[in-house]
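Take a walk through this protein with me. Keep the structure open and find each part as it comes up.

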Amino acid sequence: MNLNEAINARHSVRQYKNKPLEPATSAVLKAEIEACNHESGLHIQLVQNEAKAFSGMMAHYGKFSGVTNYLALIGKKTPDLEERCGYYGERLVLKAQQLGLNSCWVAMTYSKSKAVYKLDDNEKLCIVIALGYGETQGVPHKSKPASEVSKAAGQAPEWFKKGVDAALLAPTAMNQQKFLFTLNGIQVSAKAGRGFYSKIDLGIVKYHFETGAGTENFKWV
């Protein structure tokens with residue numbers, strides 16, 4: 001599937017089969033992680049066959065089961081760390097979807113175990129993404145109308161509408177969709193709303209918007 005097809009197919013999944021990642025799938029995912037880290041300056045790591053992070057009370061409260069693989073989104077402590085983690089994390093989520101995997105962004109319902117990932121000086125674990133072969137493919141969630149998350153000076157072109165539609169299919173904290181895209185000519189601005197993880201959400205929806213709209217059609221403000 002292409003990226004737009006992956007956006008439509010992806011839904012958050014919390015229950016996974018007891019099945020390790022296929023070696024070929026893992027290799028492709030690791031290559032994409034390396035490319036993301038090189039491009040972004042992040043230190044994203046793939047943790048495999050490790051069940052402790054999702055074995056505690058909070059994970060059960062979050063209805064997670066069978067999670068033994070996840071992405072640890074790590075980077076230097078900078079003002080834009082959360083947005084970069086959201087952007088490149090979602091790039092990996094969609095790559096995983098293309099590889100036949102399911103995923104779920106996870107903010108608080110996991111146990112931090114530094115033994116299984118590496119933190120360099122001045123780095124922090126921002127968030128994790130559960131990965132694996134889902135018991136189901138998940139279900140879509142209700143989205144806001146495009147008019148509530150976008151505005152345009154004049155008639156919005158088709159590419160802008162497609163970008164907003166793709167952004168509305170992005171995962172956000174508590175499915176709150178607290179973001180706003182504004183169009184002026186070919187310039188687009190993206191603004192995060194208030195709330196927990198809103199900067200991570202902004203990175204996620206910006207990647208979706210780029211995919212739907214086509215980066216050749218606009219410039220970020």
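Start in the loop between strand 1 (45–47) and helix 3 (57–61), where N49 has its place. This is a predicted model, and in it the phi of N49 is near 55°. That is a positive value in a residue other than glycine. Most residues other than glycine have a negative phi. Is N49 buried or exposed? N49 counts as exposed, because its relative accessibility is 56% and the cut-off for exposed is over 50%.

A second residue has a positive phi without being glycine: N122, with a value near 65°. Look for N122 in the loop between strand 3 (102–106) and strand 4 (123–132).

Strands 1, 3 and 4 lead us to a sheet. Four strands form this open sheet, in the order 1-2-4-3, and the pairing is antiparallel. Which strands sit at the edges? They are strand 1 and strand 3, and each pairs on one side only. From one strand to the next, the twist averages 25°.

Now follow the pairing across the sheet. Strand 1 and strand 2 run antiparallel and are joined by three bridges. Q45 has A72 of strand 2 as its bridge partner. L46 is matched in strand 2 with L71. Next come strand 2 and strand 4, which pair over eight bridges, again in the antiparallel sense. One bridge here links I74 to its partner L125 in strand 4.

How enclosed is strand 2 (residues 69–76)? Seven of its eight residues are buried, so strand 2 is largely enclosed by the rest of the structure. Buried means under 20% relative accessible area.

Two helices lie across this sheet. Helix 2 (residues 23–40) lies across strand 1, strand 2 and strand 4. Helix 2 runs at about 155° to strand 1. Helix 4 (residues 81–98) lies across strand 2, strand 3 and strand 4. Its angle to strand 3 is about 165°.

Move along the chain to another sheet. This one is also open and has four strands, in the order 5-6-7-8, but its pairing is mixed. Strand 5 (150–152) and strand 8 (219–220) are the edge strands, each pairing on one side only. Strand 5 meets strand 6 (residues 179–184) in the parallel sense, over three bridges. K151 has T182 of strand 6 as its bridge partner. For A152, the partner in strand 6 is L183.

Stay with strand 6 and look at its two faces. In a regular strand the side chains alternate between the two faces of the sheet. Which residues of strand 6 are on the covered face? They are F179, F181 and L183. The uncovered face has L180, T182 and N184. So T182, the bridge partner of K151, belongs to the uncovered face, while L183, the bridge partner of A152, belongs to the covered one.

This sheet has helices across it too. Helix 5 (residues 158–168) lies across strand 5, strand 6 and strand 7 (187–192). Helix 5 runs at about 170° to strand 6. Helix 6 (residues 198–213) lies across strand 6, strand 7 and strand 8. Against strand 7, helix 6 runs at about 150°.

Helix 5 deserves a second look. Its buried residues are W159, F160, G163, V164, A166, A167 and L168. What covers them? The cover includes helix 1 (3–9), strand 5, strand 6, strand 7 and helix 6.

Finish with the empty spaces. Rolling a probe the size of a water molecule over the atoms shows where empty space is left. How many cavities of 30 Å³ or more does a search of the whole structure find? It finds two. The largest holds about 50 Å³ of space. A173, Q176, K178, R194, G195, F196, S198 and D201 line the largest cavity. By class, that lining has two nonpolar, three polar and three charged residues.

The second largest cavity has a volume of about 40 Å³. Its lining includes Y16, K17, K19, G66, V67, T68 and N69. L131, G132 and Y133 are also among the lining residues. Here the classes divide into four nonpolar, four polar and two charged.

Conventions. Residues are numbered from 1 along each chain as its sequence is written. This is a predicted model: local features need pLDDT of at least 70, side-chain atom pairs count only at pLDDT 80 or more; totals for chains, interfaces and linings use all residues. Side-chain values use heavy atoms; hydrogens and water are left out. On a 1 Å grid over the protein atoms alone, a cavity is a set of points where a 1.4 Å probe fits but cannot get out, and a pocket is an open set with protein on both sides within 12 Å along at least five of seven lines; lining residues have an atom within 4 Å of a point. Grid points are joined across faces, edges and corners, and a volume is the space filled by probe spheres set on the points. Ala, Val, Leu, Ile, Met, Phe, Trp, Tyr, Cys and Pro count as nonpolar, Asp, Glu, Lys and Arg as charged, and the others, Gly among them, as polar. Two strands pair if DSSP finds at least two bridges between them. Contact means heavy atoms within 4.5 Å. Axes are lines fitted to C-alpha atoms, for helices over the stretch in contact, and angles run from 0 to 180 degrees between N-to-C directions. Buried means under 20% relative accessible area, exposed over 50%, partly exposed in between (1.4 Å probe, protein chains only).
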